[in-house]
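This report walks through selected side-chain features of one structure, topic by topic. Please keep the sequence and the 3D view at hand while reading.

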Amino acid sequence: MALDEESPLVDHQIQAENQTVNHGRDIHILSWAFLLIFLAYGAAQNLQSTLNTDGDLGTISLGILYTSFTVSSLFASSVVRKLGSKNALLLGTTGYWLYIAANLKPSWYTMVPASLYLGFAAAILWVGEGTYLTATARSQANDHKLHEGTVIGHFNGEFWGIFASHQLVGNLLTLALLKDGAEGSTSGTTLLFTVFLGSMTLGTVLMSFLKKRDGEETEGDRDSSPGLYTLLASLWNQIITPLCDVRMLLIVPLIAFSGLQQAFVWAEFTKYYVQPSLGESGVGGAMAVYGVFDAICSLAAGRFTSGLTSITLIVSGGAFLQGGILIWLLNYSEPTDGVLRVVYPLLIAAVWGIGDGVLMTQLNALLAMLFKHNMEGTFAQLKLWQSASIAVVFFLSPYISLQTMLFLMLAALVLSLVGFLFLVLKVEKVFSNHVS
């Protein structure tokens, strides 16, 4: 009898504890784990065109990687649903670890298979990240009676702010361990990639401390051994069905541009604007500046994100800033003044960092707000179009001129901004009709 009387009290205590859980702990863990993993991968990616030059191995392997990423994004949402977002995150880290290990003995026989597998793993990782972060934000909002859009904005701001600092940390490590432009030094590169492997291992261990998200993990357990029909139906629902939504079609150009501008910075900006003015050693410094402003802007943009109106203002401001830089680059001539030769490339890097911070925080927040009932499929769309546009830049850059690339970027920016603003008007009209 006493036990029966205590049970409601125990249940009430457990319920009260669950309601006061601060889910922000998991965002802290997720953010720092990604920093440890991507400070290694980001720096390694920046070095591919200068380290693995035999037959353009480095550049071609990146093209293969992002092509694999694009294809894998078609079914990544099904894998995440099956595994659950936490397990998908842990599986995804294995591809990055293998890629860094392949750079210790770079050859066509190590880099190509590692790039193919990383493309698959990256798709799983990033769909898992978007799903996990959004589920965590919703839990925080529900448990603490907070505005969902504000929590999603804050959590995205923290994640992308800490994540973006990987460019700073990774490039500073590269500068410290590859001194005096000694990219070709075997001992230097071996030490660098060994340190990178250690950082990735720490990131994976940290990620294992994430809590599983209730609800979104269990859905995949219902079909423990899906047949071909179930698999194809899931693929259709996660990839094709979202594209039947006009809102998603209007966001796709902006998603694609976010990938284009990232690849432009990695492949074209460092090659044509930074290296001629600052030399090989200056590439790491410019990318560090890019990372600093990316991180600061991500944190700030996340704090100011509360709903569709704030997203519209932030995205529009970032788009006009990037448009101004693209027009400047179309008419850019290398300054003769010694100070300006240093200042201009770093200034442009800072603006690109701000643009990336705006797009990554706001795109993730926007998708999380508009597509609540299909998180895996939504974030698969994000990575599908981003990785496809990145692959296009890597494969096209050897065959088209810099001027042509800049015009394509400017046209893509205008198209994406028009589509985004039309989406905003459409959503606000629907909301107004619903309220009235």
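## Salt bridges

The count of salt bridges comes to four when a side-chain nitrogen of Lys or Arg must lie within 4 Å of a carboxyl oxygen of Asp or Glu. The model is a predicted one, and every value in this report should be read with that in mind. One of the salt bridges joins Glu148 and Arg138, whose closest N and O atoms are 3.2 Å apart. Because Glu148 lies in helix 6 and Arg138 in helix 5 (residues 108-144), this pair ties together parts that are ten residues apart in sequence. Glu148 and Arg138 are both buried.

Another salt bridge is formed by Asp245 and Arg247, with 2.8 Å between the closest N and O atoms. Here the partners are partly exposed: Asp245 has a relative accessibility of 22%, and Arg247 has one of 26%. Glu334 and Arg341 also form a salt bridge, their closest N and O atoms being 2.3 Å apart. Glu334 counts as partly exposed at 38% relative accessibility, and Arg341 likewise counts as partly exposed, at 25%.

## The loop between helix 5 and helix 6

Which residue in the loop between helix 5 and helix 6 deserves a separate look? Lys145 lies in that loop, and although Lys145 is not a glycine, its phi is positive, at about 55°. With a relative accessibility of 73%, Lys145 counts as exposed, because the cut-off for that class is over 50%.

## Aromatic pairs

Across the whole structure, a search finds 27 aromatic pairs. In one of them, the ring centres of Phe34 and Phe159 are 5.1 Å apart and the ring planes stand at 75°, so the pair is edge-to-face. This pair links distant parts of the chain, since Phe34 belongs to helix 2 (residues 24-51) and Phe159 to helix 6 (residues 148-164), with the two positions 125 residues apart. Are these two rings buried or exposed? Phe34 is buried, at 0% relative accessibility, and Phe159 is buried as well, with a relative accessible area of 0%.

Phe34 and Phe159 also belong to a cluster linked by ring pairs, which contains Phe38, Tyr41, Tyr96, Tyr99, Trp126, Trp160 and Phe163 besides these two. One member of the cluster, Trp126, has a charged neighbour too: Lys383 lies over the face of the Trp126 ring, at 4.5 Å from the ring centre.

## A nonpolar surface patch

Which residues make the nonpolar surface patch of about 380 Å²? The patch is made by Val339, Leu340, Val342, Val343 and Leu347. Leu340 can be placed in helix 13, which spans residues 338-370. The relative accessible area of Leu340 is 31%, so this residue is classed as partly exposed.

## Cysteines

How many disulfides does a search of the whole structure find? The search finds zero disulfides. Among the cysteines, Cys244 counts as exposed, at 60% relative accessibility, whereas Cys297 is buried, with a relative accessible area of 13%. The value for Cys297 falls in the buried class because that class covers relative accessible areas under 20%.

Methods. Residues numbered from 1 in each chain as written. Predicted model: local features only at pLDDT ≥ 70, side-chain atom pairs only at ≥ 80, totals over all residues. Heavy atoms only, no water. Phe/Tyr/Trp six-rings, centres within 6.5 Å; stacked < 30°, edge-to-face > 60°. Helix = DSSP H or I, 4+ residues; strand = E, 2+ residues; numbered from the N terminus. Buried < 20%, exposed > 50% of the residue type's maximum accessible area, 1.4 Å probe, protein only. Lys NZ or Arg CZ within 6 Å of the ring centre and 35° of its normal. Patch = residues over 30% accessible without salt bridge, like charges linked within 9 Å, V, L, I, M, F, W, Y side chains within 5 Å. Areas by Shrake-Rupley, 256 points an atom, 1.4 Å probe, with all protein chains shown as cover. Disulfide = S-S within 2.5 Å.
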